[in-house]
Amino acid sequence: MPGHKRNEKFNIPSADIDITEIDGFDNLHCPEGIIRDLEDDLSSLFESNKSIISVNGSTCCILASICAVCDKGDKIIIARNCHKSVYNACFLKELDVKYIEPEFDIDLGTYTYVTQEAIDKAYTDNKDAKAIVITSPTYEGFISKVKSPIPLIVDSAHGSHFGFADWLPKRSSGDIVINSLHKTLPCLTQTAVVNIYNNEYADKIKIYMDIFETSSPSYILLSSVDKCIDFVKNSNAEFEKYKLLLDDFYNKAKCINKIRIHNNDDLTRIIISAPGYTGNELAEHLRNNGIEVEGATLNYVILISTVADTKAGFDMLIDALKAVENRDGIEKFCYAFDIPKKQCKASDIDKTILTDIDKCVNKVSGEYIFAYPPGIPLIVPGEIISKEIVDYIMLSIKNNVNILSDSNQLPNHILTKA
């Protein structure tokens with residue numbers, strides 16, 4: 001293997017470096033050579049006790065971390081803005097989930113950060129919980145700086161670049177911190193790392209990583225991790241050039257009165273709205289001017305800049321923003337993501353039926369419904385479906401926000417508990 005035998009006649013990109021665990025190239029599931037060296041380098045860079053590479057993205061790391069820390073049926077505390085993979089891990093382990101409600105920005109219409117007070121209260125109310133899981137930074141670049149008396153798992157998928165320059169935010173701290181290398185560093189899609197700071201869980205996380213991760217890891221992806229590490233080790237000058245580009249962009253953007261740049265905790269994550277535009281309308285305008293956004297919500301767009309961006313790219317973005325039309329303002333769309341007071345365990349839902357969306361209010365959801373990206377559930381199995389969430393889902397779909405469900409039956413139906 002692989003079956004293409006690196007034969008050029010198939011014109012498969014990167015086939016020439018697509019190998020398997022042949023002699024001298026180590027084994028991701030039992031690293032003793034070059035892959036062990038890569039993980040040691042990552043551990044040094046992220047200042048962890050142990051780092052494990054994932055070629056199945058941060059999703060694999062999240063599944064492994066939660067399964068390693070919690071036994072079947074345990075109680076866990078999670079922030080309500082966690083990624084769908086957190087909920088999937090809780091479902092697999094049949095965990096008793098208690099929520100932390102992060103702070104909410106009414107003007108922007110999104111969750112921001114988890115406060116220390118929220119952590120303390122959640123623990124006081126649930127001292128038998130085995131772990132706390134938060135997302136920091138969020139998709140919009142908001143950072144939670146908290147401590148926990150029980151194991152803290154931090155989904156820092158969008159914070160891999162933190163700590164590699166003085167002007168960047170400090171690295172996320174926790175017992176276990178998960179980073180997607182490919183999101184904000186020069187690395188190929190699907191590459192991630194689980195950084196373990198509490199040795200108590202290292203061996204068990206490794207066991208679950210081997211369970212969830214493919215047994216045929218791509219050496220194309222692994223080689224990109226190698227290149228990424230080499231870059232970061234010698235990146236001081238590149239990150240300083242990057243900061244100059246960002247400063248120049250923000251100085252020019254603030255002079256464009258047809259747009260609004262929203263403040264967050266990470267300069268590299270750019271949030272833009274424009275009066276009279278929905279997020280998708282602004283995204284379409286930017287796309288027509290050569291800029292593909294990372295994500296579009298009802299109100300704004302998100303752009304991810306990285307050290308790989310160029311002056312030409314930033315100049316193109318500025319020109320695209322200057323070309324935004326003057327429009328009359330539209331009503332701001334906002335949904336306060338209140339957690340339904342009534343809920344049952346997702347594991348208790350053994351039978352579901354398709355229900356007309358206009359008849360599902362006050363029924364128990366039997367599926368996840370979420371905007372993708374970023375994959376944060378609007379509703380999860382076991383939660384009561386409110387009229388407000390149905391209205392929000394329909395409004396989002398009407399405005400071309402990418403709303404997905406497990407059953408793929410939107411906008412007409414939702415799976416509910418039978």
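The exercises below, each with a worked solution, concern a predicted model.

Residues are numbered from 1 along each chain as its sequence is written, and side-chain values use heavy atoms, with hydrogens and water left out. Local features need pLDDT of at least 70 and side-chain atom pairs count only at pLDDT 80 or more, while totals for chains, interfaces and linings use all residues.

**Exercise 1. Describe the surroundings of Thr268.**

Begin with the position in the chain: Thr268 belongs to the loop between strand 10 (260-262) and strand 11 (269-273), where helices (H or I, at least four residues) and strands (E, at least two) are DSSP runs numbered from the N terminus. Next, take the accessibility: Thr268 has a relative accessible area of 1% and is buried, a word that stands for under 20%, with exposed for over 50% and partly exposed in between (1.4 Å probe, protein chains only). Then list the contacts, defined as heavy atoms within 4.5 Å: leaving out residues up to four places away in sequence, Thr268 touches His161, Trp167, Leu168, Tyr242, Leu246, Leu303, Ile304 and Ser305. Finally, look at the side chains, where Thr268 and His161 make a polar contact at 3.1 Å; such a contact is a pair of N or O atoms within 3.5 Å, of which, within protein, one must be able to donate a hydrogen and the other to accept it, and residues adjacent in sequence count only if both atoms are side-chain atoms.

**Exercise 2. Work out the order of the four-stranded open sheet and what packs against strand 12.**

The strands follow the order 10-11-13-12 with antiparallel pairing, two strands being paired if DSSP finds at least two bridges between them. Strand 10 and strand 12 (295-296) are the edges, each pairing on one side only. Strand 12 is joined to strand 13 (residues 301-304) by two bridges, and the partner of Ala296 in strand 13 is Val301. To find what packs here, turn to helix 9 (residues 279-288), whose buried residues include Leu282, Ala283 and Leu286; the buried residues of this helix pack against strand 11, strand 12, strand 13 and helix 10 (311-322).

**Exercise 3. Identify the residues with the most contacts inside the largest nonpolar core.**

A nonpolar core is a set of buried Ala, Val, Leu, Ile, Met, Phe, Trp, Tyr and Cys residues joined through side-chain atoms within 4.5 Å. The largest has 51 residues, and those with the most contacts inside it are Phe239, Phe249 and Leu286. Among the elements that give it two or more residues are helix 8 (236-253), helix 9 and helix 10. Following Phe249 outward, and leaving aside neighbours within four places in sequence, one reaches Ile261, Ile270, Phe314, Leu317, Ile318 and Leu321.

**Exercise 4. Explain why the salt bridge of Asp128 and Lys75 ties together separate parts of the chain.**

A salt bridge is a side-chain nitrogen of Lys or Arg within 4 Å of a carboxyl oxygen of Asp or Glu, and the closest N and O atoms of Asp128 and Lys75 are 3.1 Å apart. Asp128 lies in the loop between helix 4 and strand 6 and Lys75 in strand 2, so the pair ties together parts that are 53 residues apart in sequence. As to accessibility, Asp128 is partly exposed at 47%, whereas Lys75 is buried at 15%.
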